[in-house]
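Colleague: I am new to this structure and would like to understand the reasons behind the words you use for it. Could you show it to me, and then let me ask about the terms one at a time?

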Amino acid sequence: MVAYSDYAGLEATEAVEVSCPHRNCPDSAVQQIRLRGNLPLWIGGKVLAELSQTDLVESWSAAVELTPGELSRMCQIAGERLLRAFEDAPEPAPGLSEMVTDAAVLFLLGVRSHGVSTPDAIPACTVSFDAEHGRAKMALSA
């Protein structure tokens, strides 16, 4: 996984979003990620991360083995850690890798728990974690 910008300046929040942009997204960095066969993820609308095809397949295989309860709990853990990472800004360097990992976990487990059956079927969507409700929600992009 690779992150393309730091997240200095993000404000503390009670919710965080991880989005997979449309395949025809005009952003050149997103297009380059897609051309490499990888999955682009926007974290909090500020950090663009790249999930390699290898990481995607390995993570998906692990997610398939989880029970619905385990999926929910792991989404909660990743979401809470991601919220804490945003609160710790502007010190991104030591925690950027962990933040990207937590975002990928939240996103992949969130889409898996909402019925997406394979990594190739991941639509343009947003997975959000709301601290108040302690769970991930998925919304398809228009």
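Modeller: Among the contacts between residues at least 6 apart in sequence, 63% join residues at least 24 apart in the protein chain, where contact means heavy atoms within 4.5 Å. This is a predicted model, in which local features need pLDDT of at least 70 and side-chain atom pairs count only at pLDDT 80 or more, whereas totals for chains, interfaces and linings use all residues. Residues are numbered from 1 along each chain as its sequence is written, and side-chain values use heavy atoms, with hydrogens and water left out.

Colleague: How do you know what confidence the predictor has in the protein chain?

Modeller: The value to look at is pLDDT, the predictor's confidence in each residue, from 0 to 100. The protein chain averages 83, and 84% of the residues score at least 70. Among its elements, helix H1 (residues 28-35) has the highest mean, 96, and strand S1 (residues 2-3) the lowest, 48. Over residues 1-12 the pLDDT stays under 50, and the model has 44 contacts beyond four places in sequence for them.

Colleague: What makes a stretch count as a helix or a strand, and in what order do the elements run?

Modeller: Helices (H or I, at least four residues) and strands (E, at least two) are DSSP runs, numbered from the N terminus. By that rule the protein chain has four helices and six strands, and from the N terminus on they run β-β-α-β-β-α-α-α-β-β.

Colleague: Why is Ser128 called buried or exposed?

Modeller: Buried means under 20% relative accessible area, exposed means over 50%, and partly exposed lies in between (1.4 Å probe, protein chains only). Ser128 has a relative accessible area of 17%, so Ser128 is buried. Its place is in strand S5 (residues 125-130), and, not counting residues up to four places away in sequence, Ser128 touches Val16, Glu17, Arg135, Ala136 and Lys137. In the protein chain, buried residues make up 41% of the 142 residues.

Colleague: How do you know on which side of H1 the buried residues lie?

Modeller: The buried residues of H1 are Val30, Ile33 and Arg34. They cover an arc of only 100° around the axis, and therefore lie on the same side of H1; the arc is that of the directions from the helix axis to the C-beta atoms. Strand S2 (15-20), strand S3 (39-43) and strand S4 (47-51) are among what covers these buried residues, while the face turned away from the buried side carries the exposed residues Ser28 and Leu35. After H1 comes Gly37, whose phi is positive, near 80°.

Colleague: What makes a set of residues a nonpolar core, and which elements give two or more residues to the largest one?

Modeller: A nonpolar core is a set of buried Ala, Val, Leu, Ile, Met, Phe, Trp, Tyr and Cys residues joined through side-chain atoms within 4.5 Å. The largest has 35 residues, and Ile43, Leu82, Met99, Leu106, Phe107 and Ile122 are those with the most contacts inside it. The elements that give two or more residues to this core are S2, S3, S4, helix H2 (53-64), helix H3 (68-87), helix H4 (92-113) and S5, and H4 gives the most, with ten residues.

Colleague: Why does Ile122 count as buried?

Modeller: Its relative accessibility is 6%, so Ile122 counts as buried. Ile122 lies in the loop between H4 and S5, and, residues up to four places away in sequence aside, the residues that Ile122 touches include Trp60, Phe107 and Leu108. The C-alpha atoms of Ile122 and Leu108 are separated by 8.9 Å.
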